[in-house]
Amino acid sequence: MEFALFIGCQISARLNQYESSARAVLSQLGVRLIDIRDFNCCGYPLRNIEFKIFLLSSARNLALAEKRNLNILTLCKCCYGSLKKADYLLKESPSLREGVNKILEKEGLKYKGEPQIKHLLSALDRDIGLDKIKEKMVKKYRDLRVATHYGCHVLRPSKVVNFDDPIVPSLFDQLVAVTGAESIDWSMKLECCGAPLWGINDGLSMDLTLKKLKNGKESGADYVCTACPYCQIQFDKVQKMASSQRNGTHLLPSILYPQLLGLSLGIDKKILGLEMNEIPISGIENALFDIGTEV
Amino acid sequence: MFFKFSLFLSLIIFIIGLIYKISNWFRYKIGIGSVEISGSRRFFYALQGIFATLFSLRIINLLKSFVLDVLLQYRILREDFLRWVMHILIYGGFMLLLLMHALDKLITAKLFDSYYPTLNPFLFLRDFFGILVIIGIIIALYRRFILKPPRLKTNAMDLYAVIIVAVIMLSGIFLEATKMVAYSDYKRMVEEYSGLSDPNELKALEAYWVKEFGTVSPNLKEPFDERLLAQGEEFHQSSCAGCHTKYQSAFAGYGTAKLIHPIGIRIDQARIPHLLWYLHVLACLVGLAYLPFSKMFHLFSSAMNLLVNSIADKEKLREANQMTRRALELDACTHCGTCSLRCSVAQTYEEIQNIYILPSEKISAIRSLASGKSLKGEELRKIQEGVYLCTNCLRCTVVCPVGIDLQDLWFNVREMLLQKGYPEFLILSPLSYYRGLMRGEILIKDYQNALLQAREAILAQCELMREKEKTIALTPPDKKFQSGLGLSTQAKNFSVCFGCQTCTTVCPVVANYENPQEVLGLLPHQIMHAAGLGLRDLAFGSNMLWDCLTCYQCQEQCPQGVAVTDVLYELKNLAIQYVKEKRS
């Protein structure tokens with residue numbers, strides 16, 4: 001199985017552990033990732049400014065993958081949402097497609113709409129499958145309660161992103177459950193992490209982040225689990241900044257899904273970058289047991 | 001006399017230029033925390049840092065970087081093999097020529113007792129090095145004008161650099177070739193060194209040189225009698241061979257000499273070798289004098305920057321040294337365009353015609369800024385937009401072949417420009433995420449001001465927001481606005497909103513406030529109404545628009561299928577466009 005890895009702008013610059021853990025997990029599961037250096041920003045941060053720039057940015061990436069006959073795998077949910085959105089609009093409107101292709105043509109690219117767009121989680125669930133993951137697992141968690149954070153841009157708008165049921169999603173919960181951890185119910189599970197407003201309205205962003213984490217904690221979670229650089233940075237670095245500013249201790253440590261899964265696949269914690277999280281998560285290893293020693 | 005005078009003149013200009021340029025490293029202030037530190041103090045701190053390095057283990061890093069980055073240019077190799085070949089040919093060939101040929105009296109003659117420029121291996125090597133440089137230049141021209149890597153811009157400085165090197169190399173080879181064929185040069189040498197006076201003996205030697213060295217004689221033509229040649233060889237062996245290897249080793253010059261052989265006499269009569277000598281020497285001296293002010297200064301500044309980069313721990317560097325380093329970085333840029341090739345948002349240049357979006361082009365603008373040149377408001381705005389339109393993905397910094405911390409430059413210049421007070425609307429986009437993460441580095445007042453400025457500038461164009469009691473007609477006041485909303489087909493359906501308020505009810509931003517209207521202005525369903533009624537001011541002026549998370553809860557749950565979030569997105573686009581037009 002092969003994908004063009006769409007790494008996006010945040011991960012290599014600020015969240016190396018996401019890249020290294022995702023690469024390790026996927027390679028363990030037999031997925032080959034192809035890097036396309038020419039990929040550019042997906043266009044997400046530019047949507048506030050100019051629709052056309054957003055569309056061109058996403059379309060160029062899709063055309064680049066198309067040229068190599070590859071499907072795209074993103075690690076970021078905002079990249080996923082943007083690529084999906086652009087793909088949807090371009091398929092729907094011939095005039096938009098024509099406009100974009102006119103520009104892409106200059107570099108010998110063309111958007112035709114072939115490549116499929118996957119997120120890490122949907123690829124794990126649908127393309128690789130839980131059985132394959134189970135097969136490769138060497139350890140399981142016991143007595144570990146995890147709050148899954150779905151992230152807005154993979155769930156909504158559902159007719160565009162086509163990821164999971166927008167009201168009662170279960171894909172992420174199953175992926176957590178397969179590791180032996182308990183995916184808890186919490187009322188704010190589908191709420192936004194607050195990241196889109198960080199840097200624009202920090203007070204509001206912080207309110208939303210802390211409110212959500214508080215809800216997770218009160219619902220009994222040991223960790224919140226993410227699969228998006230914005231959500232992760234928000235729950236990790238920004239939570240740390242926010243709680244020190246608001247005189248509190250942090251509420252809930254956040255772990256990236258490939259870190260959680262990677263440990264149960266027996267991947268070295270250095271590769272998973274456990275130490276690189278701002279709010280420590282290495283305690284999670286205590287909940288890990290070799291398969292076969294379950295009580 | 002001419003030579004000495006011009007050599008000293010160009011050396012003096014070179015040294016003054018060098019001092020001036022280096023002094024800039026301690027004068028230019030780039031940095032948000034750029035507190036008033038005097039240049040001499042910065043110089044002192046830099047020296048302190050250098051000494052501390054020289055007497056520490058970091059010297060190993062320094063040496064490693066000198067070999068790998070400076071000499072072997074590993075960072076260019078990593079990026080692009082062809083470019084590495086090109087650069088190593090030009091730089092390697094040029095440096096070797098400089099050391100062996102230009103500075104022969106100072107270096108080569110001291111190292112090798114038997115040194116004479118017309119003897120092998122020096123005769124061969126001079127041409128060999130020259131040809132390396134010329135191949136390099138051909139690759140450079142091929143890349144720039146035929147291969148055309150995306151977004152590689154050619155400015156006057158780039159052209160100058162190629163031209164000066166090409167002129168030096170070509171004039172050198174032609175000088176060599178014309179001297180080979182020139183009869184007067186031959187005669188002068190014979191008079192000085194052979195001691196022959198018998199016309200028959202002179203004829204024999206001349207015949208030998210015409211045959212073996214390609215001298216073009218006005219008196220003798222091939223073929224020659226074997227005995228005459230044998231006699232000529234004898235004289236050659238006794239008088240000339242000590243300093244003259246056969247010219248074939250100087251293959252470039254010899255080949256050229258063969259080409260110009262038919263017009264050899266006229267070349268000599270027109271004193272072309274003499275003119276070429278002036279051209280060659282002048283080109284070298286002009287190159288030397290202009291070096292500190294040209295792209296070629298990167299010989300020093302880029303090497304210096306790579307070395308500093310290898311030892312400087314940014315976190316630990318004191319602010320004074322960081323300012324100095326940034327100024328050095330501006331000089332270290334060679335305008336190679338690698339950053340613009342790899343830039344994550346360079347594609348936006350297709351839609352926004354602002355050259356400063358491209359990182360390689362920002363540098364020259366920042367250099368002007370740092371030098372204190374007063375730039376026009378319009379220009380400043382473009383630079384500000386250029387530095388803000390950046391996802392801070394770090395790719396430019398990672399690929400920069402001379403190790404410039406571009407990310408750090410952008411961050412600092414961005415803040416310095418924002419403090420000048422011109423509102424930047426890009427700040428109201430997720431491009432600000434990085435700025436938020438870096439807020440600890442910025443004075444809280446400056447941090448908030450830049451955000452407020454942008455919102456206030458938008459509000460200032462929305463009159464209705466200030467006249468809350470005003471009664472307006474029921475018919476849409478701005479039909480054009482109302483119908484011009486549909487940038488994309490999806491966002492056209494706001495008018496089917498029947499006011500059920502589901503969007504507002506599920507909005508987590510609205511839910512965050514006890515009295516949301518006070519903070520947010522119009523709420524989502526009201527914005528949909530405002531759009532439907534063509535009330536532009538109310539739609540644009542509400543904080544709700546900029547405080548939207550884009551979490552799509554509203555859109556997902558709208559019973560009428562209104563694309564609420566997408567409408568909000570596109571209203572933001574329109575608002576920025578509108579306000580920009582109004583302000584200009």
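**Figure 1. Helix α7 of chain B in a predicted model.** Helix α7(B) covers residues 122–147 of chain B and has 26 residues; helices (H or I, at least four residues) and strands (E, at least two) are DSSP runs, numbered from the N terminus. From its first C-alpha to its last, α7(B) reaches 35 Å, close to the 38 Å expected at 1.5 Å a residue; the expected span is 1.5 Å times one less than the number of residues. Just after α7(B) comes B:Lys148, with a positive phi near 45°. This is a predicted model, in which local features need pLDDT of at least 70 and side-chain atom pairs count only at pLDDT 80 or more, while totals for chains, interfaces and linings use all residues. Residues are numbered from 1 along each chain as its sequence is written, and chains are lettered from A and ligands numbered from 1 in the order in which they are written.

**Figure 2. Buried residues of α7(B) and their packing partners.** A residue is buried if 20 or more other C-beta atoms lie within 10 Å of its own, exposed if 12 or fewer, and partly exposed in between, with C-beta atoms placed from the backbone. The buried residues of α7(B) include B:Phe122, B:Leu123, B:Phe129, B:Leu132, B:Val133, B:Ile134 and B:Ile137. B:Arg126 and B:Asp127 are also among them, as are B:Gly130, B:Gly136 and B:Ala140. These buried residues pack against α5 (81–102), α6 (108–111), α8 (156–181) and α12 (251–260) of chain B.

**Figure 3. B:Leu63 in helix α3 of chain B.** B:Leu63 lies in α3 (residues 58–71) of chain B. This leucine counts as exposed because it has 12 C-beta neighbours inside 10 Å. B:Leu63 is 262 residues from B:Arg325 in sequence and 19 Å from it in space, C-alpha to C-alpha.

**Figure 4. Chain B as the setting of the views above.** Chain B has 32 helices and zero strands. Its radius of gyration is 35 Å, well over the 25 Å that the globule rule gives for 584 residues, so chain B is more spread out than a compact globule; the radius is taken over C-alpha atoms, and the rule is 2.2 Å times the number of residues to the power 0.38. Along the principal axes, the C-alpha atoms of chain B fill a box of roughly 120 × 55 × 35 Å. Of its 584 residues, 43% count as buried. The mean pLDDT of chain B (the predictor's confidence in each residue, from 0 to 100) is 91, and 96% of the residues reach 70 or more. Within chain B, confidence is lowest in α24 (residues 479–483), at a mean of 68, and highest in α26 (residues 508–511), at 98. Where pLDDT is low, the predicted coordinates should not be read in detail.

**Figure 5. The side of chain A that touches chain B.** In this view, 42 residues of chain A are in contact with 45 residues of chain B; contact requires C-beta atoms, placed from the backbone, to lie within 7 Å. On the chain A side, α1 (10–14), α3 (51–67), α4 (77–92) and α11 (202–218) each supply at least two residues. The largest share, six residues, comes from α3(A). That side divides into 23 nonpolar, eight polar and eleven charged residues; Ala, Val, Leu, Ile, Met, Phe, Trp, Tyr, Cys and Pro count as nonpolar, Asp, Glu, Lys and Arg as charged, and the others, Gly among them, as polar. The predictor gives the complex an ipTM of 0.97 and a pTM of 0.93.

Terms used
Two residues are in contact if their C-beta atoms, placed from the backbone, lie within 7 Å.
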